[in-house]
Amino acid sequence: MTAAPAHLTAHEVTAGYGRQVVLDRVSLRIARGETVGLRGPSGGGKSTLVRVLALLHRPIHGQVSIDGTPVTGTRYAVPVAVRTRIAVLFQSPRAAADPRLSLTDLIAEPLRATRHPEHEVRQRVAELAELVGLTSDLLTRRPHAVSDGQLQRACLARGLIHRPDYLLCDEATAMLDASTQAHVAAVITDYQQTHRAGVLLITHDPALMTRWADRVADLAPTDNSAQQR
Ligand SMILES: Nc1ncnc2c1ncn2[C@@H]1O[C@H](COP(=O)(O)OP(=O)(O)OP(=O)(O)O)[C@@H](O)[C@H]1O
């Protein structure tokens, strides 16, 4: 019997903004259990590819599939059970976090949005806060009252709350000090191994890329095709 394919794939994706085409027939596959690095010039479309893979940005042509099944639509048009299989961690936690929410509510929000019982939400938030190293006094604060590193830890906890099969990290550790960067990277690596998650890693730090990625795909500047090697 052949095993079911387990990967998040962009097939010949063309995408852009208005009349600007940023990605031209780009294909990329992230298998469960592997960490794929994505390299390319600044402005070359790496973040755009992340948004397409995360079902946040609709491609002009091409498609995204999960485990071999094409996904149609983006955001809330995608069924909960499908879209919660993918999580994204962005470079700037401040841009990603609702400033009105406490860190507890920020982490809990994706589970509440999918109507999980409150006792389960509280238990999961406590587990994840411990995992990412957030103490209870920090959890009651709002984003303006914590550091970038503490807020990124909360965003990581929020990203993991649905136990995603695919985690897309877009320069996720770029703004962090060395010790927070190492801790966030360790939490992601541990999650990737225990959950057999597929991870996409974008970083401008070549040493981090070499240490962390199992293989690297290049988003070529000429034709914007992600060449895998
Ligand atoms: N929301 C947007 N609206 C309009 N244009 C955008 C938007 N986001 C990105 N772009 C443009 O799309 C192109 C690709 O940007 P993108 O952020 O995907 O590249 P990148 O490879 O991630 O860059 P960097 O390495 O500098 O972060 C750039 O020219 C950028 O200005």
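Which hand does the crossing of α4 and α5 have, left or right? The crossing of α4 and α5 is right-handed, and the close-ups below, all taken from a predicted model, start with this pair.

**View 1. Helix α4 meets helix α5.**
Here the axes of α4 and α5 come within 10 Å and cross at roughly 130°. At that angle, α4 is oblique to α5. On the α4 side, look for T104, I107, A108, L111 and R112; their counterparts on α5 are V121, R124, V125, L128 and A129. Sorted by class, the contact of α4 with α5 holds seven nonpolar residues, one polar residue and two charged ones.

**View 2. Helix α4 beside helix α7.**
Now turn to α4 (residues 103–113) and α7 (residues 148–160), whose axes are 7 Å apart at an angle of about 25°. Angles under 35 degrees count as roughly parallel, and α4 and α7 are therefore described that way. The crossing of α4 and α7 is right-handed. From α4, the residues to find are L103, L106, I107, E109 and P110, and they meet A154, A157 and R158 of α7. The contact of α4 with α7 has six nonpolar and two charged residues, with no polar ones. I107 of α4 is worth a second look, being listed in the contact with α7 and also in the contact with α5.

**View 3. Helix α5 against helix α7.**
This view completes the set of helix pairs shown here. Helix α5 (residues 118–132) packs on α7 at an angle of about 135°, and the two axes are 9 Å apart. That angle makes α5 oblique to α7. Their crossing is right-handed. In α5 the contact residues are L128, A129, L131 and V132, and in α7 they are R153, L156, A157 and L160. Seven nonpolar residues and one charged residue make up the contact of α5 with α7, and no polar residue takes part. A few residues can be followed from one view to another: L128 and A129 of α5 meet α7 and are also part of the contact with α4, while A157 of α7 meets α5 and also meets α4.

**View 4. The open sheet.**
Four strands build an open, antiparallel sheet, and their order is β2-β1-β4-β5. The edges belong to β2 (20–31) and β5 (69–71); each has a single partner strand, so one side of each is left without a neighbour in the sheet. From one strand to the next, the twist averages 30°.

**View 5. Strand β1 and its two partners.**
Strand β1 (residues 7–17) runs antiparallel to β4 (residues 61–66), and five bridges join the two. Two positions can be picked out along this pairing: T9 stands opposite S65, and A10 stands opposite V64. In a regular strand, side chains alternate between the two faces of the sheet. With β2, strand β1 shares eight bridges, again in an antiparallel arrangement. V13 has V26 of β2 as its bridge partner. In the hairpin of β1 and β2, two residues lie between the strands, and G18 takes a positive phi near 60°.

**View 6. Helix α1 across the sheet.**
Keep the strands in place and bring in α1, which lies across β1, β2 and β4. Relative to β1, α1 runs at about 120°.

**View 7. The shell around the ligand.**
Last comes the ligand with the residues that surround it: Y17, V22, G40, S42, G43, G44, G45, K46, S47 and T48. Which helix supplies the largest share of this shell? That is α1 (residues 46–53), which contributes three residues. By class, the shell has two nonpolar, seven polar and one charged residues.

How values were computed
Residues numbered from 1 in each chain as written. Predicted model: local features only at pLDDT ≥ 70, side-chain atom pairs only at ≥ 80, totals over all residues. Near = placed C-beta within 6 Å. Nonpolar A, V, L, I, M, F, W, Y, C, P; charged D, E, K, R; others polar. Axes fitted to C-alpha atoms, helices over the stretch in contact; angles between N-to-C directions. Parallel < 35°, antiparallel > 145°, perpendicular 65-115°, else oblique. Left-handed = near helix turned anticlockwise from the far one by under 90°. Contact = placed C-beta atoms within 7 Å. Pairing = 2+ DSSP bridges.
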